[in-house]
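Colleague: I would like a close look at a single part of this model, followed outward into its surroundings. Please give the criteria behind each term as you go.

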Amino acid sequence: MADLVHRGGYAGLGRRVGSGDGVVAVEQAGLAAATVIARRGKAEAAAARLGGHLGLAVADAAKRAVSPAATVLGTGPGTWLVFGGEDPGFVAGLAAALAGLAAVIDQSDGQAVLHLSGARLPEALEKGVRIDLDPARFTPEDVAVTSIAHIGVTLWKIDAAPTFAVALPRSYAGSFRHWLEASAGPAGLAVVSD
Amino acid sequence: MSSHRLGTGGLVDRQTPIGFSFDGRPLTGLAGDTLASALVANGIRLVGRSFKYHRPRGIVSAGPEEPNALVEKGRGAYREPNTRATTVELYPGLDVASQNRWPSLRFDVQAIGQLASPLLAAGFYYKTFMWPAALWERLYEPAIRRAAGLGSLSGAPDPDFYEKAYAFCDLLVIGAGPAGLAAALTAGRAGARVILLEQDFALGGRLLAERCEIDGMPGAVWAREVEAELATLANVRILSRTAAFGLYDGEVGAVERLTDHLAVTPACMPRQRLWTLVAAQTVLAAGAVERPIVFGGNDRPGIMLASAMRSYIQRFAALPGRSVAVFTATDDGWRTAEAFARAGAPVAAVIDSRRDIVASVRALAGDVPVFLGARVLDAIGGQSLSAIEVIGDHGRRRIAVDGLAVSGGFNPDLAMTTHLGHKPRWSETSLAFLPDALPAHLVVAGAAAGRFTLAEALADGARLGAAAAGMAGKPAAAPPAWRASDETFAVGPLFHVEGGRGKAFVDLQNDVTDKDVAQSVHEGFVSVEHLKRYTTLGMATDQGRTSNVNGLAILARLTGRTIPETGSTRARPPHGPVAIGAFAGLHTGPHFKPTRLTAGHGWAEEQGAVFVETGQWLRAQWFPRPGETDWLESVTREVQAVRSGVGICDVSTLGKIALAGPDVGVFLDRVYCNTFSTLPVGKARYGLMLREDGFVMDDGTTARFGAEDYLLSTTTVNAGKVMQHLAFCHQVLWPELDVQMVSVTEQWAQFAVAGPQSRALLQQVFGSAVDLSDAAFPYLACGAFPLGPTMARLFRISFSGERAYEIAVPAGYGDALVRALMAGGRDLGVTPYGTEALAVMRIEKGHVAGAELNGQTVARDLGLGRMMSTKKDYIGRLMAERAALNDPDRPTLVGLKPTVPGVRLRAGAHFLPIGAAASAENDQGYMTSTAFSPSLGHWIGLGLLARGPERIGEQIRAYDPIRGGDAVVEVVNPVFIDPEGNRVHG
């Protein structure tokens with residue numbers, strides 16, 4: 001029987017760690033994640049059940065709902081990208097809770113997630129994000145499905161510092177790193193991944 | 001101190017001299033200079049040669065409208081031709097060279113072209129070189145190409161890098177002159193988000209060059225104070241050295257020059273940044289460009305726009321001439337006479353075409369000779385102006401001068417208002433095109449709107465800034481009322497002085513003369529758009545800023561029309577030159593598109609894999625081993641290892657779409673031409689998907705893991721297209737179906753494990769708890785099994801024709817899995833193989849792939865006609881029934897092998913009957929895929945041949961004229977290996 005070791009999407013891309021004076025990027029490896037898609041005509045019920053299961057209020061909108069155990073991101077009509085912690089039973093638990101109301105499809109390994117923060121983060125994001133991230137317009141309640149450097153991303157804001165999170169398909173992690181280093185490198189970038 | 005530098009005044013720093021060189025000659029300027037002002041300060045007149053006639057040319061303007069002073073900046077790969085000297089900031093070590101001259105600027109051989117100028121008139125290249133035609137390619141075209149063009153490229157890749165950025169605001173202000181500063185400050189104080197663009201390195205626009213006062217302080221000081229206040233406002237961003245170049249739907253494009261003015265470029269610093277700016281409201285405050293006057297010899301070095309002369313004197317403290325005359329049709333020209341007087345170099349004369357001049361303007365000239373109702377007929381001189389000939393009430397008079405300031409009126413810089421198709425209107429009072437209908441969310445302020453006085457500019461700015469703030473929900477308290485010094489604005493109609501002896505240039509950059517316009521009219525090109533294209537008037541880097549209106553006015557007079565009747569050409573972006581690199585941003589070379597790497601990529605790199613781009617993915621193409629010298633050697637070894645033992649191939653890149661819901665079976669029946677609703681849980685099935693027009697779109701297997709849990713696979717290249725297609729089908733065609741779908745390509749790392757020993761290897765990896773016997777897990781079975789800390793999905797499917805499986809694990813375990821497979825298979829001789837071996841084996845097995853699924857084939861062409869269900873409807877069914885698609889003469893899939901072993905077959909070769917001429921009417925199809933078959937020991941091919949399956953055993957000719965291939969091949973069954981399919985079932 002094989003003993004398999006798990007690696008995050010940013011692993012093996014080289015540890016280029018700079019000053020971090022401008023931007024700090026921390027990989028969030030090992031999070032459970034699932035795409036939840038409501039059955040036909042059951043978006044409201046699925047939102048309610050999803051919220052009930054996770055103990056938070058979920059809307060059928062491009063909004064973020066968060067609890068200590070989970071983050072729910074509205075990514076399309078009747079569709080959510082749900083992140084949990086490192087509990088291996090998280091996705092199965094969601095699927096059981098939403099049986100009959102929504103499809104729950106495991107994406108724990110499909111998404112590479114970075115948390116981005118730092119004094120110079122806004123100017124770095126400005127070099128790739130084509131939406132308005134002004135604090136008054138994009139709040140920690142908001143979610144954007146957009147693109148950065150031709151890479152499809154899900155973007156949300158964790159706090160007003162600001163700290164942003166960027167989830168993207170893991171095969172693009174290297175190209176995203178290239179954009180991040182070019183855009184935040186001059187300001188001083190530190191990348192923390194395993 | 002440089003020869004023409006004034007002792008006092010100006011916005012240059014006399015404590016900071018800057019060394020630079022022009023044509024190799026070391027010179028000194030001051031901080032705050034542009035290249036042009038430093039050349040003026042050094043008394044340099046001659047800076048370039050003209051485009052067509054190679055006439056000596058000097059500096060005409062002090063801004064981005066400059067048509068003449070184009071230089072090559074930098075050396076080697078950094079060389080940038082056609083750089084406008086008026087926009088280059090001086091920095092230590094700046095190295096520029098004049099262009100369009102050989103061997104030197106003072107002595108230019110091609111200037112002899114002036115003698116042949118009758119041959120070089122408008123449209124000459126359409127006519128002069130027509131005969132004899134045989135000489136065109138050999139003589140005329142090379143000769144014209146050598147003579148033509150502005151500057152020359154380095155020929156080396158651009159060593160700089162560029163980036164893009166996006167910003168949003170309530171108010172975007174283009175231009176930081178008085179109107180722009182007023183708008184930005186008014187809106188900024190109210191709390192609106194403001195972005196202020198200025199192409200210059202200093203804010204202020206004309207305030208930097210004029211003697212004027214605002215609220216009792218000099219204009220330049222006021223500009224500095226406003227800039228200081230704007231800098232304190234967190235809601236205001238100032239982008240200097242940033243030129244807006246285009247108005248697009250909802251966006252403004254601008255380019256910011258980050259390092260062009262630096263002697264040493266900091267590491268990691270891009271050269272330029274391309275901005276996409278999205279604003280709720282845009283105020284265009286780009287000012288106006290002074291208009292020259294067309295008269296004989298009006299291109300002599302020393303002839304300059306009157307306002308530009310004031311810029312050199314009052315902003316840069318550089319004297320553009322010691323004995324200058326002013327030739328004007330505007331009040332503004334008289335201010336230049338005043339500027340020279342203050343600089344201690346009174347003008348030689350003021351010549352105004354008008355007769356009624358208000359006293360306050362007349363007084364600006366002091367007691368110098370004034371000629372009213374007069375014109376300059378000719379400018380005389382060689383490489384520098386020496387005299388002018390004035391015609392007026394006094395008759396003709398020659399006046400010795402070394403400079404001439406010209407003011408023919410002002411052209412508002414409103415190109416941006418026309419980028420979305422809006423046209424300006426002609427104003428008879430301003431004698432200028434003014435904005436008329438405007439694009440949504442764009443307003444125009446100050447001189448750009450034809451409101452030319454300082455007071456009007458400030459009032460416009462305050463009003464429009466307050467309005468924009470109000471629209472953003474940030475009402476301005478009380479718009480400021482700035483008090484500006486008085487000035488007059490008046491202009492008379494004077495575009496062209498006829499009767500001079502010298503050439504009279506309308507467009508200095510393209511060497512278009514008044515005679516060229518007349519010739520254009522004479523030949524029937526009377527539309528303004530035709531005039532532009534026939535004469536090249538208004539093209540090139542200055543986009544006709546100084547030439548278009550004069551050209552129109554002459555055209556109007558020659559055709560007996562008014563200027564409004566003549567119309568104007570429409571400006572298109574970019575308004576000024578933008579480096580192509582800026583549009584590319586970071587996306588150059590290998591970063592042109594993002595690259596996708598599989599979870600096993602690092603492992604494959606360690607194995608020395610050679611990679612190939614497949615869409616955005618990098619896939620291992622083959623794994624060379626020490627001693628192997630040729631890709632074919634490696635690929636042959638890999639194929640043999642699979643067919644005799646076991647091999648591993650990373651197939652993670654194939655598209656994977658999870659489908660869930662009660663109606664998936666119905667949905668799949670409609671999107672595939674074969675039936676899926678009967679697929680049992682635990683089974684996989686090959687499916688063929690058609691386009692609506694009946695042609696094959698994609699193929700792949702779909703596996704069913706649970707009652708409502710399916711996994712559909714696509715080819716690597718079509719993954720995105722198929723996902724889009726399925727989403728369209730669901731959302732638009734059949735929203736009533738209860739189906740949920742999402743791509744899971746990224747979730748799974750998947751490896752093909754193929755060969756007679758594949759089961760042994762997997763059994764080793766899974767351990768004895770999993771039963772992989774043929775009884776428990778037969779061909780086309782699928783299932784999920786525990787593997788270490790995770791669950792693996794296993795599919796018994798084969799592309800190679802061997803017993804084979806695909807094993808998938810969550811991508812985080814992909815790297816570990818491939819290492820476990822390699823370790824577990826060591827005793828079995830497990831061999832990694834790449835896409836080449838994969839392709840060889842599929843050709844040996846007669847499986848179709850991208851070369852056959854090329855968008856031009858129907859199922860029948862591929863020998864898959866029987867897959868098309870007759871018991872259900874599906875996308876493409878009806879259109880596939882069209883007669884032409886069922887014509888037995890259609891090229892259909894066959895195998896091909898050479899009749900002489902050892903002959904190499906090549907894809908792309910066309911099929912001809914033996915003995916038939918190699919012509920299109922004899923063409924019977926072509927070779928789609930070829931490979932050297934290690935199993936058979938010779939080359940094999942797949943191809944599409946007319947009536948192919950009927951012709952098995954026949955010999956035909958495979959003709960490949962491009963690579964010199966011409967072989968006789970035998971038509972055979974496309975399945976070369978194990979046609980009975982015994983191996984795949986084990």
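Colleague: Which residue in β37(B) is the bridge partner of G655(B)?

Modeller: The bridge partner of G655(B) in β37(B) is T714(B). Before I go further, please note that this is a predicted model, in which local features need pLDDT of at least 70 and side-chain atom pairs count only at pLDDT 80 or more, whereas totals for chains, interfaces and linings use all residues. Residues are numbered from 1 along each chain as its sequence is written, while chains are lettered from A and ligands numbered from 1 in the order in which they are written.

G655(B) belongs to strand β34 of chain B, residues 655-660; helices (H or I, at least four residues) and strands (E, at least two) are DSSP runs numbered from the N terminus. β34(B) runs antiparallel to β37(B), residues 709-714, with six bridges between them, and two strands are taken to pair if DSSP finds at least two bridges between them. β34(B) also pairs with β38(B), residues 740-743, again in the antiparallel sense, over four bridges; here A658(B) has V742(B) as its bridge partner.

As for burial, six of the six residues of β34(B) are buried, a residue being buried if 20 or more other C-beta atoms lie within 10 Å of its own, exposed if 12 or fewer, and partly exposed in between, with C-beta atoms placed from the backbone. In a regular strand the side chains alternate between the two faces of the sheet. In β34(B) both faces are covered, with G655(B), I657(B) and L659(B) buried on one side and K656(B), A658(B) and A660(B) buried on the other.

The strand also takes part in the contact between the chains, where 41 residues of chain B are in contact with 41 residues of chain A; contact requires that the C-beta atoms of two residues, placed from the backbone, lie within 7 Å. On the chain B side, β34 and β38 each supply at least two residues, as do β8 (162-174) and α21 (814-824), and the largest share, six residues, comes from β8(B). That side divides into 22 nonpolar, 11 polar and eight charged residues, where Ala, Val, Leu, Ile, Met, Phe, Trp, Tyr, Cys and Pro count as nonpolar, Asp, Glu, Lys and Arg as charged, and the others, Gly among them, as polar.

Elsewhere in chain B, strand β24 (residues 403-407) offers a parallel case for reading: five of its five residues are buried, with G403(B), A405(B) and S407(B) on one side and L404(B) and V406(B) on the other. β24(B) pairs in the parallel sense with β18(B), residues 324-328, over five bridges, and T328(B) stands opposite S407(B). A further parallel pairing, over three bridges, joins β24(B) to β17(B), residues 303-305, where V406(B) is the bridge partner of L305(B).

For the setting of these strands, chain B has 24 helices and 49 strands, and 54% of its 986 residues count as buried. Its C-alpha atoms fill a box of roughly 115 × 75 × 55 Å, taken along the principal axes.
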